Amino acid sequence: MKRRRRAFARGLAIASAAVLLAAPEQYASATGAKTSAVDSGAKSTASVGALPGIPGSSALGPWRSFQQPMPAQSAKNGPHQVLVVLGSATHVTGKSLGKHRSLQIRTPLTSDTAVNSALHRTHAVSMRPLVPGLTAAQARQLHSAAQAKLGSAAIDLSKVQVVQLAGGDASAAAHTLAAAPGVVYAEPDRTVSPMNTGAVPLPSSVGATAGKADSSAREQDSGATGTDGVPGNAALGTSLQSFLNAGGVDATGAYSLLKQQFQQLPGAGETITNVSVGDLTDASTPNLGPAGPTTVVQNGRRYLDIPTMPLIPTYTADATGTLDPTGSTRGQDSALGEVLLDFSVMAPLPHDLQRPGMQGSGNSDLLGIAPGADYRLVVPQQPTFSQIAVALLAAARQQPRPDVITASLGYGTDAFGFAGRYLEDDPVQQSVIASIVQQYGITMVVSSNDGTRLFTNAAVGPDGGSTATAVTGKAADTTRIDDDQLSTTPSKVLDSGAIAAGGTTTDDTLAVPPQNGAAASGNGTWATTRLNGSGIFSSGFGTRIDVSAPSDGIPAFEHRGQTAQSVTEVLSGGTSASAPEIAAAAAVVLQASRLTGQHPSPQDVRSLLERTGRAVPTAPQIDQPLHVGPQLDVTAAVQAVLAKAHGSHVTTGTPRIVRLSVAHRQTIGGLGGSYLEATDPGYTDLAGPGTGASATGEGLVGPVTIGADVTGLSDRDGVSYALRIKNHEFTSAVPAIRLTPTQMLAAAGLPVVSATDRQVPLTFEVRHGNEVLASTTHQLTFGPTDGGYAEALAPVVQPVVEAGHSVQVRYDLTGVRNVSSPQLVVSQVGHWNPASAPIFSAVHTAPLTGLRGTVTVPADAFSAAAASTASVSSKTPRAAPSAARCTASSPPSASTAVTRRNARRRRPWLRRDPRSSVTCWR
C-alpha cells in the first residue's frame, strides 16, 4: 500500500503570524517597521534546535482565559468510597450502625464469605445502599425498564452498595472487591466533571459595534418582539449569539411558527431540569470572601437570580436522594461556569418579557432557545459517581416530573493527559439513565465529552483530541471507565435511549481557511476538534453520538461579584453548551407535539432531531470520519412536527424569510481561536475590533455570514439558497452563506481600501430548482479600511501529501502590520498553537523573504520533529507512531508530546493541522 501523509495546514499564522520577531528567542506581539521584502518566496533552512518555550502572545495580545481544571477534574478519586454491585445471591447482613438512619448504613458484612474477606482486606468500615429507601417494587420497575434497552448489562440498583473505607487507595480496593465471586462489579467512587471549556472574557471592544446602524438596523435591536414573533434581544440582533442564527441551531424560525400558530413562546408548558455542579450560596453563607453569594433565598426557597432569565429554583440532592429546596453547596464552582452556561443558551427571555430591573442590555441581553419552559437546577452535595446517580434519579422522580433532563457531565480524564469519557462509560450511570428514559419517559441529553481540553499538556492526536465512543449491541463488548480511563482505547457502550450530544464549530476559519479558496472554505461548521474552532477542546465522536450543536464561542454568563445578580459576559463552550441547546430544542419539540395532539416518546424526539438536523463534515486533516451527529435545526424540527399534524388545526404555511441575520467573524486572540461574531447588521466595521489606535483591522479579513431564518419549508429536499450581489451569485445548500468582505466588495465592483463607507445591496433567495420560493433584500454598509490588520492569516497547505515528500506552504502577509523578520516555524508533534497550548517548541524554521510566496518544507523536517515524540500505551506497552507538526506561527510555549495510537493504523502518515501551523503527523 502506498504510504501517504496528511499535512495539517492549520491557520496559525500569528500576528506577525508565522512571524518571528527579533531574535529567535523573542516570540511576542508584532512591533517595529514593516518589512521591505518584495521577493515572492522563501528558502527553507536546515532544522534547528527546539526554540525555548515561553508563554504565547500574538499581535492581539496574550491568550486570556479563566480556564483552570475544576476541583472535580483534578481529583483522581472522591472520598474513600467504592461502588460495589453485589451478585443476585449476595445480601447485606451487617448490623445497622444507627447513625443517619435514612442512609441505612450497616457494618460491612454480607451473606458471602469471599465478599466479607475482601471487605476485611480493604479495611471497609461500613456499607450502605446507593439509593436508600428504594422499595423492592420500585427497584424491580427500574431494573426492568433498564433491561429493555441494556439487556443483561442492566444493573439492579438495589444491589449497588457504597462501601466506606478507613483510608487507602480506593482503586486498589475496588480491584480487590471486584475479584470476589459474589461481586458483579466494583469501582472507586470518583468525581465527575462539567464538560465546559472554561471562559474567555468578552472584550469591551464588542460594544464598539453599537450606534453605527441605519434606522432599520436600530429597530431590529430595539428590544421589541416583532409581529413575526422574532424577539428583539440585542445579542440576537447583533449576532453576538450567532449560534442561534440560520447557520447554527436555526432557532428564531421556531419563535415565529409558535407565535403565529399558538401565541406561545418556545418551550412553554414543558419542564427542563438541569443536573449539574456548582456552588449554591446566599448572603447568609459565612466566609464567602470575594466570590460573593450565587443565589437568593425567598419565601423558603433558593433561586438563581440572573439577568434576562426567570427566577430558577435550585435543589440539592443528598445521598438519600432527598431534594432540598433551600440546600447549599460549596467547593464545586463559585463562578457557576457550567450552570450558567447551560441556562444561558436555554432560558433567557425575549427582552420585553424580562423581569423589571433584571433586563439585559447590549451584550447581556441574551436570548434562550426555550424561554417559555419551566426550569429547575439539581446539584448533588458532592460531585461523585454515587451522588450524581442519585441526583439524576431524584430529578426524574420529582413531582411534577420533568419533560427533559440535561446533564453536561462526564469524566475529566484529560486532567491526566487522556481524552475525557462519556458519562455512560460507567455501567451504574448508564443503568440509571436507561431507567429514567424508559421508566419515566423523560428525554435525557448528556454531553458526549470534551476530549483533551486546553489545560492538559497532552499532544493533540490525528483524530483531533478525543477518543471515539461507539455503540454496541453486545453487553460483552462494552468498556468501563475503570478500565479505559488511562488509555486511548475507544469506549463501547450500549444505547440507553438518551441523546448523546456532540459539538460543532460555530464559525470556523481554521479547517479550510477562507483564503484557501476551495469550495469548503465557505463552510464554518465542522466537527469540533483541538485543531479548529476555539482550539481548546474536542467533541466526543463515534456511533453513539446522536445530535450535535454549536459548541465554541458561546456567549454566556459567569458569576463574578458580591451579589447573586453579579454576572459578567464571557465566551465559553464545550459539549456542555451543545447538550443544553439540544435539551431546549427537545422541549420545543415536545411542546409543538403536545399542541398538535401528538405524544412522542424520548426515542421519537431523538429520531426527529436527528432526521431534521444537517450533516456535519469532518475537517480534511483528521485521520477518520468524526461522527458527532447531525447539527440541530430547531425550526426544521418544529416544522416537521407541524407538517405531521397538517390537516388538523394547524398549517405549515408558505415559505417566508422572517429574519435575515448578519454575523461578522473578528479574531480577538488565540491565533484565530478566540473571536467575536457581533456586528451591526447594517454596518460592517473593517477597521475594528476596537477604535482609534487600538483598532486591529481584523474585521477586514473576517468572513461575513448572511443567514435567512425561513419558515414554511415542510420539505427541504431540492431547496437551495442564493445570495446575489449585482451580477454575482453565491449559492449554498444551507440557509447561510459566508463570504469575505473582499469577495462582497469585489462582487459589487467597489474598492477594498477606502477612506469612506461603501454600500452593497444584496438579495437573499430561497429556491427550489429554478423557482424562487422566498426572497428579501438588504443593504450592507462597509466601513473604511487602510488594508491593514494585526494578525496574519493561516498559511495554506494541501491536506494530504505522500510520505517522504516535501510539503508546500503558501503564505500571504500582505496587509499584516509591523512585520519584521518573518519566519515559518515547524513545531513539535501535537502542539501547534503557541498562544493557547501549554507547551510549544519549534524544531525547524524557514525565513520568509517576501510578503507572499510558497515555502517548501523538506521531508526531513518532519523526521526531526518526530524524534522528540513520546509514545503512550494503555494496558500493555505498544509503540506509538512517530509524529511531527509543522507550524507557520510565532510565539511558542511547550509541552510533553503524547501521541495517540490508532491500533488499526500501521502505515506512516502525515496530516495537516488547520491552525496555521503546518502540522504533520507521520
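This passage describes the predicted model of a single chain, from its overall confidence to selected helices and sheets.

The chain, whose mean pLDDT is 83, has 80% of its residues at 70 or more. Confidence is not uniform along the sequence, for over residues 1–56 the pLDDT stays under 50, and in the model this segment has 274 contacts beyond four places in sequence. A second stretch, residues 865–922, also has pLDDT below 50, and the model gives it 294 contacts beyond near neighbours in sequence. The secondary structure of the chain comprises 16 helices and 44 strands. Of its 922 residues, 63% count as buried, and among contacts between residues at least 6 apart in sequence, 78% join residues that are at least 24 apart.

Strand 4, which spans residues 81–86, is mostly covered, with 6 of its 6 residues buried. In a regular strand the side chains alternate between the two faces of the sheet. In strand 4 both of these faces are covered, since Q81, L83 and V85 are buried on one side, while V82, V84 and L86 are buried on the other. Strand 4 is paired with strand 6 (residues 160–165) in the antiparallel sense over 5 bridges, and within this pairing V84 has Q161 of strand 6 as its bridge partner. Strand 4 also pairs with strand 7 (residues 183–188), again in the antiparallel sense and over 5 bridges, with L86 standing opposite V183 of strand 7.

Two open sheets of 3 strands were examined further. In the sheet with the order 8-17-18, the pairing is antiparallel, and the edge positions are taken by strand 8 (193–194) and strand 18 (421–422), each of which pairs on one side only. The antiparallel pairing of strand 8 with strand 17 (residues 409–411) extends over 2 bridges, and S193 has G410 of strand 17 as its bridge partner.

The other sheet, which is open and antiparallel, has the strand order 36-38-41, and its edges are strand 36 (796–797) and strand 41 (852–857), each paired on one side only. Strand 36 is joined to strand 38 (residues 807–812) in the antiparallel sense by 2 bridges, and V796 stands opposite R810 of strand 38. Between strand 38 and strand 41, which run antiparallel, there are 6 bridges, and here Y811 has G853 of strand 41 as its bridge partner. The two faces of strand 41 contrast in their exposure: G853, V855 and V857 make up a covered face, whereas R852, T854 and T856 make up an uncovered one. G853, the bridge partner of Y811, thus belongs to the covered face of strand 41.

Among the helices, helix 8 (residues 337–346) is mostly covered, and 10 of its 10 residues are buried. These buried residues are G337, E338, V339, L340, L341, D342, F343, S344, V345 and M346, a set that includes the acidic side chains of E338 and D342, which by class count as charged.

Two packed helices are described by the angle between their axes and the distance between the axes. For helix 13 (residues 602–612) and helix 14 (residues 634–644), the packing angle is about 115 degrees and the axes lie 9 Å apart. Helix 13 passes helix 14 in a right-handed crossing. The contact is formed by L608, L609 and T612 from helix 13, together with A636, A637, A640 and V641 from helix 14. By class, the contact between helix 13 and helix 14 comprises 6 nonpolar residues and 1 polar residue, with no charged residues.

V641, which takes part in the contact with helix 13, is also touched by S593, a residue found in helix 12 (residues 575–595). Apart from residues up to four places away in sequence, S593 touches Q598, P600 and V641. S593 counts as buried because its relative accessibility is 3%, which falls under the 20% cut-off.

How values were computed
Residues numbered from 1 in each chain as written. Heavy atoms only, no water. pLDDT = per-residue confidence, 0-100. Contact = heavy atoms within 4.5 Å. Axes fitted to C-alpha atoms, helices over the stretch in contact; angles between N-to-C directions. Helix = DSSP H or I, 4+ residues; strand = E, 2+ residues; numbered from the N terminus. Left-handed = near helix turned anticlockwise from the far one by under 90°. Pairing = 2+ DSSP bridges. Buried < 20%, exposed > 50% of the residue type's maximum accessible area, 1.4 Å probe, protein only.
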